[in-house]
Structure formats: structure tokens, C-alpha cells
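Got the viewer open? Here is a short tour, stop by stop, with something to select at each one.

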Amino acid sequence: MREGDEIARLITFLFAASVVLVTLLLVFELWQGSVLPRHKFGFNFFRTSVWDPIFDQFGALPFIYGTLVTAGVALVIAVPLGIGAAIFLAELAPARVSDTLEFFIDLLAAVPSVIYGLLGVFIVVPLMREYIQPALKNTLGFLPLFQGPVYGVGLLTAGIVLAIMVIPYIISVSREVLLSVPRDQREAALSLGSTHWESTWKVVVPFARGGIMGSIFLALARALGETMAVTMVIGNAPVISASLFSPGDSIASVIANQFTEATGDLYLQSLIELGLVLFLITFILNGLARLLIVVTSQKGSAMSNA
Amino acid sequence: MKRIAGILLITIAFAGVLWADNALLINGAGATFPYPIYSKWFAEYHKANGAIEINYLSVGSGAGIKQVTDGTVDFGATDGPMNDDQLKAYRDKHGAPILHFPTVLGAAVPTYNIPGVTTSLNFTPDALAGIFLGRISKWNDPAIANANKGVNLPANDIIVIHRSEGSGTTYIWTDYLSKVSTDWKDKVGKGTAVNWPVGLGGKGNEGVTGLIKQTPNAIGYVELIYAVQNKIPYGAVRNAAGEFVRADLAGVSAAAAAASKTMPEDFRVSITNAPGKGVYPISSFTWLLIPGKFSDATKRDAIKGFVTWMLADGQNYAETLSYAKLPKEVVDRELKAISKIQ
């Protein structure tokens, strides 16, 4: 028996180690593959915004900007919607309704991104151009965010399509976490005279905070790396503009667009360096996320199940 | 256990025999634009010559050039000819040149969506360059209006749509603009992907078409084949002889014939803005990239056989698939060049 334990330990250890190995290999390959632009542009790669394959000038700034802005817009929309829906499903809805809806949510999470892209092109883009963007311009047009010509495609549209894509993740994970909050927590709150909503908002949700944050970061990761759906609605122009109506481009999208036809080593390697940049962004945001969880759980209430 | 192992062994041995008995496999990779006709050609050629099987991956021109230079495929294919640096890199690595063989022709056409305008518009080279540089920003600009007398062009802002991904169509389009506009040549240049001064990007011909259809006052460019097959209206372009020509296969072949007189030995020639009557000016060859030296004689003979067939019987498939076929002048010169494959 002892021997069996040892073997199982070894095998599972190897599996776990392979994850680290793959990550390191990935970074190594990206690093190796981007020697030329790192030497030629150095830190300017992050600061300049010209992307010109003909004259061999490559700057990543517009793509970094587009990636962060679209992911940010997506979270601003998806987080309240997703968490609200999860609270309803976990705390307020009858079990049967909750389970049925959960089935649909899981289904949505499994839809390939190109389908969301088509949804974006055929439904969201015309709606944006005809109704939503003109309406925003008329009401909130004094903000630089909502100025400029209306194309339908652009940063805002990409953010909205991303929001639609990541909401199922937030709902699904947050609902599971909320459901796993121990029953006695709720009962204790109720017995102290709080209403159903008070027990949900002041006890259950804080208890599940760690898991809910986890769902948000899962959504963020998907939004940062999403390629196909973004390409189809972002407008694919590497510009930096304060307006969310403006077309933009994201890191994942430009790599997918230009990799196959990239001629010339510097061009190809600059695209690989963009991959490295995306990896870095994901890495940094994940680190910040961990930090946030640690900080909030220290000053907050019980986080035992997170 | 023994029996299972025995069955496995027999299966593997059998598969091995099948494998060994297989046809001579030749691998190619590259341009996506000619993929429909290439796959037709390779299938037909295999039918006629059972011993040879050509496997082609449409991974894009850039990847095609890279793979043939790395030596991971037997031949490549590209929509834009290799530049001098790339030729040198190939020669340095393999000790022999890489050869370009034009196969068929393609063209890019301007397509647009202006509310209230249903007639086919005429575009001068200056108008196209001005629009894509962002200098002509209204549809009723004199540069457009003067070539379209009697058409009621609106005073709306022009929205430029281009391809978001690297593509041979973009190469043809920017090659043409570089020839007709020195500003374009100096500021933007030609390539499968460029730094566009203005506009939005759509993915693929279908992405560009979709954006144009949805966006009032938009203009973009698509492949001629795509426009013909999907019945997308497109405009005429003024050629070097001063005529407004609406692209068709004859006009594209005429461009190749006109350019063949001045074509260099290695076939690396741009035929945009070619001189002569009836020429559609935004046309281009697409090329096979074949190594000048094969270490494997059977492979070399197989590829030579295929190129010979492609230049004769193969050309007959071109027009049914909406590609313009090579003019006779070019075919004759290519037949002579086959002997360079060694």
C-alpha cells in the first residue's frame, strides 16, 4: 500500500510540474522569438504607437490600449450584471428555475467565440450605429468618451460583445460559490432579525467574496485574450483615442490578423513580442488580483471557503 | 496479451506496406488567394498521374515564403513576389536560387455604399489615392465628381474600409496606389499589410464587404473573384491609357499581356497600372516559388511535370473558377524557364 501511495504521489507531482514547465517553456519561447525587436526598439516598443510593417516601425501602445480598454468596458458591464444574476439564482429563485437557467448559462459559456463575433457583426454593430451610439452622443456627448464619428464598430462595441461573452462565467462561478455558503451563516443572520435581502447582501455575499472575485478574474482573463469576436467588431485600426466610439485593435486580434502574412523577421518577431506583452499583462493583472484578495480578506469577514 | 500484441504488429506492418506503396508526396504551402484553383489543380493532376500527390496548405504568403526558405516544404506560393533580401536569404541558405512561376491572375476592385447612388462610379487614380490617404474626405469632392458627371454625389464623409489581416489583395491594392501616387509610395508603401492612414479594418473579403454594406458612405476594395461570385457592385478605374475600365477577366489578362514585354527574367513583376487599351490596372500575378535545385531527382521531375501541365491543361480550369488565365506570351516564357529547375 505504501508503495502505491508513493507512485501516485510521483505521478500526480509530475502532472502538476508539467503545468509549471509549460508556462516556463512558453515564456522562454516568446522571449527567444522576440530578440530582434527587443534589441532594436527596447522599451520604446511599449511607448510608440506606429505599427508599420513596410517601414519596419513597430510600437505596441495602441494594441495594449485597445486590449485594456475593451476588457475594462467588458468588466464594467459584466460584473454588476453577472453578480446580480448570480445572487438571484443562488438566493432568491426557486431551485428549479435556478437549475434550468444554470443549464442555459453553461450552454452560453460553451458557445464558440466566432458565434459571438457573428452576433456582434449582425446585431450589436447595427444597433450601436443606429440607436445606442447616437443616443449616448446626445445625452453624454459632453464626455470625451462619447464623441466623434459613429461607425458601429469600435472599442465600445468590442467591449459590449466581450461583456456578453464573459457574463456566463461570472454567473456560473459566482452562483456556485454563493450556494456553497454554509446554511448556518444565513440562519444566524435571519435569527438576529435581518431581512432576507440583508442576510444575502451583508452576510452571504461578503462570505463568498473571494470566490466572486475569482469569477471576475476568470472573466478578465478571457476578455484579455479573446481574439475572434474582438477582431470582428473592433474596427482593426491601431489608433489611440479617448472616444469609445473610435475603432481600435487588440493584441490578440492583431497577432491573429497579421501572423500568417508577416514577411520579414523583424515584423514576425514584433508580433511574437506582442504575445509576450499579452502574457505579461495577464501575469501582472493576475498578481494584482491575488493581492486584492489577500488585502480584502484580511480586513474583511470570514473567507474560509474562498 | 500476446494475441493483442500480434494483431497490433500485423496492423502496423500492414500500414507500413500501405505507406510505402503510397504515391510520391510533394508538400507546398503559401498564398490563400489562389487556394481554390490550386486544390483543383493538384486533385486533377493526381487523377491524371496517380503516382504523384501534391499536398498544399494555404497558410498565407508570408508563411509560404518562410517555409520554403526554411526547407520545410518542397515549394511555396505567394501573392507578392519575394524581395531582394528574401532572395538572398534563400540563396545563402540553399546555395541555389528560388524561382518564381506565375500561375494565374487576380485583381482588386473598389466597392462602395453611397445612399442614393446606384450607378457604377468611375475612379481616377488620384481619387483613389486621395481617398485612401484621407485627403479626399467627402463624396462630392471634385476629384470624384468630375469623373462622374450626372451622378448626384452627397456631401457626406467618406469612410474607408480595408483588410485587417495581411492579404494578397491588400498587396495588389497598395502596389497600385504606390505606382499612381508618390505620396502613397513615400508615406505608406506596398505590402500585404500596411500602416493605413485612415479607415477601419474588416477581416477577409467577407468582413470588408460586410462593413461596407452596413456602413453608409463607405468605400473599400475586394478581390474581383469575390465581387463577381457574390454579385457585389464595384466601380471602374481609369487605366494608364485613360479609359475607365470595369474589371473583368479579359481586362486582367490584358494587363498581363501588356506587361509581358517588359517582364524580367525571373517573373518578379508588378503589372499594376500596365499600359495599353482595355487593361484593368489593379491586377497582379500570383506565383509558385520553386527551388532552383532539388536533391531528390524524382521530386524535381514531378514538379517540372506539374508546372508544364499547369501551363497547358491547368489553365483551362482558371476561368470556370473566376481566375484570369495567363496570356500566351507569359506561358511561352515560363515553359522556357522550366529548365532552370535542376
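Before you click on anything, one term: two strands pair if DSSP finds at least two bridges between them. Keep in mind, too, that this is a predicted model.

**Stop 1: a small sheet in chain B**

Select β5, β9 and β10 of chain B. They form an open sheet of three strands in the order β5-β9-β10, with mixed pairing. β5 (122-123) and β10 (244-245) of chain B are the edges; each has a single partner strand, so one side of each is left without a neighbour in the sheet. Now zoom in on β5(B) and β9 (residues 236-238) of chain B, which pair in the parallel sense over two bridges. Which residue of β9(B) stands opposite Asn122(B)? Pick Ala236(B): that is the one.

**Stop 2: the eight-stranded sheet**

Stay in chain B and select β2, β1, β3, β11, β4, β8, β6 and β7. In that order they make an open sheet of eight strands, again with mixed pairing. Go to the two ends and you'll find β2 (52-57) and β7 (200-202) of chain B, edge strands that each pair on one side only. Step across the sheet and the twist averages 25° from one strand to the next.

Next, colour β1(B) and β2(B). They run parallel and are joined by six bridges. Label Leu24(B), and you should see Ile52(B) of β2(B) standing opposite. How do you get from β1(B) to β2(B), and with which hand? Add helix α2 (residues 35-48) of chain B to the selection: with β1(B) and β2(B) it makes a right-handed β-α-β unit.

Now turn to β3(B). Strand β1 (residues 24-30) of chain B and strand β3 (residues 75-78) of chain B run parallel, with three bridges between them. For a pair to label here, take Gly28(B), whose bridge partner in β3(B) is Phe75(B).

**Stop 3: helices on that sheet**

Keep the sheet on screen and add α3 (residues 61-70) of chain B. This helix packs on the sheet and touches β1, β3, β4 (98-113) and β11 (283-291) of chain B. Sight along the helix and compare: its direction makes about 155° with that of β3(B).

Then add α12 (residues 297-311) of chain B. It packs on the sheet as well, touching β1, β2, β3, β4 and β11 of chain B. Its direction makes about 60° with that of β1(B).

**Stop 4: where the chains meet**

Bring chain A back into view. In the contact region, 28 residues of chain B are in contact with 25 residues of chain A. Which elements of chain B give two or more residues to the side that touches chain A? Select α3, β7 and α9 (204-214) of chain B. Helix α3(B) supplies the largest share of that side, four residues. Colour the side of chain B that touches chain A by class, and you get nine nonpolar, 16 polar and three charged residues.

**Stop 5: two residues with positive phi**

A reminder first: most residues other than glycine have a negative phi. Now select Phe267(B), in the loop between α11 (249-260) and β11 of chain B. Its phi is near 65°, a positive value in a residue other than glycine. Buried, exposed or partly exposed: how does Phe267(B) count? It counts as partly exposed because it has 19 C-beta neighbours inside 10 Å, and the cut-off for buried is 20 or more.

Select Asn273(B) next, which is in the loop between α11 and β11 of chain B. Asn273(B) is not a glycine, yet it has a positive phi of about 55°. With 21 other C-beta atoms within 10 Å, Asn273(B) is buried.

**Last stop: zoom out**

Select chain B as a whole. You have 13 helices and eleven strands on screen, and the C-alpha trace spans about 85 × 50 × 35 Å along its principal axes. Of the 342 residues in chain B, 49% are buried. Residues 24 or more positions apart make up 72% of the contacts in chain B with a separation of 6 or more.

Switch to chain A, which has 13 helices and two strands. Its C-alpha atoms fill a box of roughly 70 × 65 × 35 Å, taken along the principal axes. Here 40% of the 306 residues count as buried. For contacts in chain A with a separation of 6 or more, 77% are between residues 24 or more positions apart.

How values were computed. Residues are numbered from 1 along each chain as its sequence is written. Chains are lettered from A and ligands numbered from 1 in the order in which they are written. This is a predicted model: local features need pLDDT of at least 70, side-chain atom pairs count only at pLDDT 80 or more; totals for chains, interfaces and linings use all residues. Axes are lines fitted to C-alpha atoms, for helices over the stretch in contact, and angles run from 0 to 180 degrees between N-to-C directions. Two residues are in contact if their C-beta atoms, placed from the backbone, lie within 7 Å. Ala, Val, Leu, Ile, Met, Phe, Trp, Tyr, Cys and Pro count as nonpolar, Asp, Glu, Lys and Arg as charged, and the others, Gly among them, as polar. A residue is buried if 20 or more other C-beta atoms lie within 10 Å of its own, exposed if 12 or fewer, and partly exposed in between; C-beta atoms are placed from the backbone. A crossover is right-handed if, with the strands pointing away from the viewer, the path from the first strand over the helix to the second runs clockwise.
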